[in-house]
Amino acid sequence: MSDQYTFQDPTTQYAQPTFEEQTQDGPGLALKMDPEPDHGEQTYRGTGRLEGRKALVTGADSGIGRAVAIAYAREGADVVLSYLPEEQADADEVVALIEAAGRKAVALPGDLVDEAYCTSLVAQAVEALGGLDVVVNVGGKQQFAESLTDITTEQFDETYKTNVYAMFWIIKAALPHLPAGSSIINTSSVQAYSPSPTLVDYASTKSAINTFSKALAQQLGPKGIRVNVVAPGPVWTPLQTAGGQPPDKLPEFGAQTPLGRAGQPAELAAPYVFLASQESSYVVGETLSVTGGMPTP
Ligand code: NAD
Ligand code: MG
């Protein structure tokens, strides 16, 4: 069958627009999307690039985080998964896939907006895995608003807490445990460079993540800990179908890219594997754009 290693035309590798208009409440579930995203379940092969590594991945139940968790396990890592309790159905599938890869999966649901959860997440991850050497912040909140006057203080707060504060709290708690050689990977967006008019709060968190990561990379480089970022373009995930986009924009989601289609979560896995692995030993403070060709600096 066709997988990520089959030579082929990337414009036709996955579904092209249009998608069905659809909407979900809350964080949304991958298993309720039409079409269901590809997280690499059938397409990602591991080659031992993360043998014996101990990884913490937030937002690991669905979308990009799920693709990362599956790939990491198939590359030989044990994985702690963070997600919201209402996403248990998606998370159960990821746990089963990690275990099928012969690796340990530790599910620790909770709310990233809560500093106490972020701190205990790291403590429990260290305990369960016997250490930690990869920290991947993928969890994030994106809710569109037509006007700035529609953004409540509560939404602004939640977007910043989920996207920026949780990253800060998790890395701060993890640092005392990370040996030289460890990787920290944060998740920005093309929105940091080409913000949509409806995503003022979200887009600004993504540029904060970029700059936070570049500063921290300067600080941690001398300790042998590498900090890098992945900046995805439009990717077919629950985030987008659960209020990330106005529902009437969904059918054409991704059509504006040079490849003419949305990315699938599985197409983000390899960049996160690369940045975690020793292969990227001289890559520090970099933002790797995976946008289907949408230009970034
Ligand atoms: P997704 O909905 O599958 O993943 C986001 C995850 O964040 C959820 O599964 C959930 O587990 C987690 N999350 C959200 N709020 C939380 C909270 N309060 N507590 C705990 N967990 C919480 O969608 P995705 O698109 O894979 O998003 C992953 C990351 O990719 C996000 O940081 C997002 O900003 C970024 N991103 C996505 C796109 C895209 O087009 N999908 C583009 C650029 C960047
Ligand atoms: Mg989810």
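Let me start with the two faces of strand β5, which are both covered in this predicted model: on one side Ser183, Ile185 and Thr187 are buried, and on the other side Ile184 and Asn186 are buried as well. That fits the count for the strand, which spans residues 183-187 and is mostly covered, with five of its five residues buried.

Now to the neighbours of β5. Strand β4, residues 134-137, runs parallel to β5 and is joined to it by four bridges, and within that pairing Val135 is the residue that stands opposite Ile184. Between these two strands in the unit comes helix α4, residues 153-174, and together β4, α4 and β5 form a β-α-β unit that is right-handed. The chain then goes on from β5 through helix α5, residues 200-220, to strand β6, and this β-α-β crossover is right-handed too. β6 covers residues 226-232 and pairs with β5 in the parallel sense, over five bridges, and here Thr187 of β5 has Val230 of β6 as its bridge partner.

I would like to stay with α4 for a moment, and with one residue in that helix, Phe156. Is Phe156 buried or exposed? Neither word quite applies, because its relative accessible area is 40%, which makes Phe156 partly exposed, given that buried means under 20% and exposed means over 50%. If we leave aside the neighbours within four places in sequence, Phe156 is in contact with Ile151 and Asp201. As for Thr241, it lies 85 residues from Phe156 in sequence, and the C-alpha to C-alpha separation of the two in space is 20 Å.

Next, the enclosed space. How many cavities of 30 Å³ or more does the count give? The count comes to one, and the space in the largest cavity is about 70 Å³. Its lining is made up of 14 residues, and those nearest the centre are Asn137, Val138, Gly139, Asn163 and Met167. The elements that each give two or more residues to this lining are α4, β5 and α5, and of the elements it is α4 that gives the most, with five residues. By type, the lining of the largest cavity divides into six nonpolar residues, seven polar and one charged.

Let me turn to helix α7, residues 266-276, which is mostly covered, with eight of its 11 residues buried. The buried ones are Ala266, Leu268, Ala269, Pro271, Tyr272, Val273, Leu275 and Ala276. Which elements help to cover these buried residues of α7? Among them are the strands we have just been through, β4, β5 and β6, together with helix α1, residues 63-74, and strand β7, residues 287-290.

That helix also brings us to an open space, the second largest pocket, with a volume of about 370 Å³. Of the 25 residues that line this pocket, Gln4, Ala266, Glu267, Leu268 and Val290 are the closest to its centre. The largest share of the lining comes from α7, which supplies five residues. Sorted by type, the residues of the pocket lining are 12 nonpolar, eight polar and five charged.

To close, I would come back to β5, which is buried on both faces, pairs in parallel with β4 and with β6, and is also part of what covers the buried residues of α7.

Key
Residues numbered from 1 in each chain as written. Chains lettered and ligands numbered in written order. Predicted model: local features only at pLDDT ≥ 70, side-chain atom pairs only at ≥ 80, totals over all residues. Heavy atoms only, no water. Buried < 20%, exposed > 50% of the residue type's maximum accessible area, 1.4 Å probe, protein only. Pairing = 2+ DSSP bridges. Right-handed = clockwise from strand over helix to strand, strands pointing away. Contact = heavy atoms within 4.5 Å. 1 Å grid on protein atoms, 1.4 Å probe; cavity = no way out; pocket = protein on both sides within 12 Å on 5 of 7 lines; lining within 4 Å. Points joined across faces, edges and corners; volume = space filled by probe spheres on them. Nonpolar A, V, L, I, M, F, W, Y, C, P; charged D, E, K, R; others polar.
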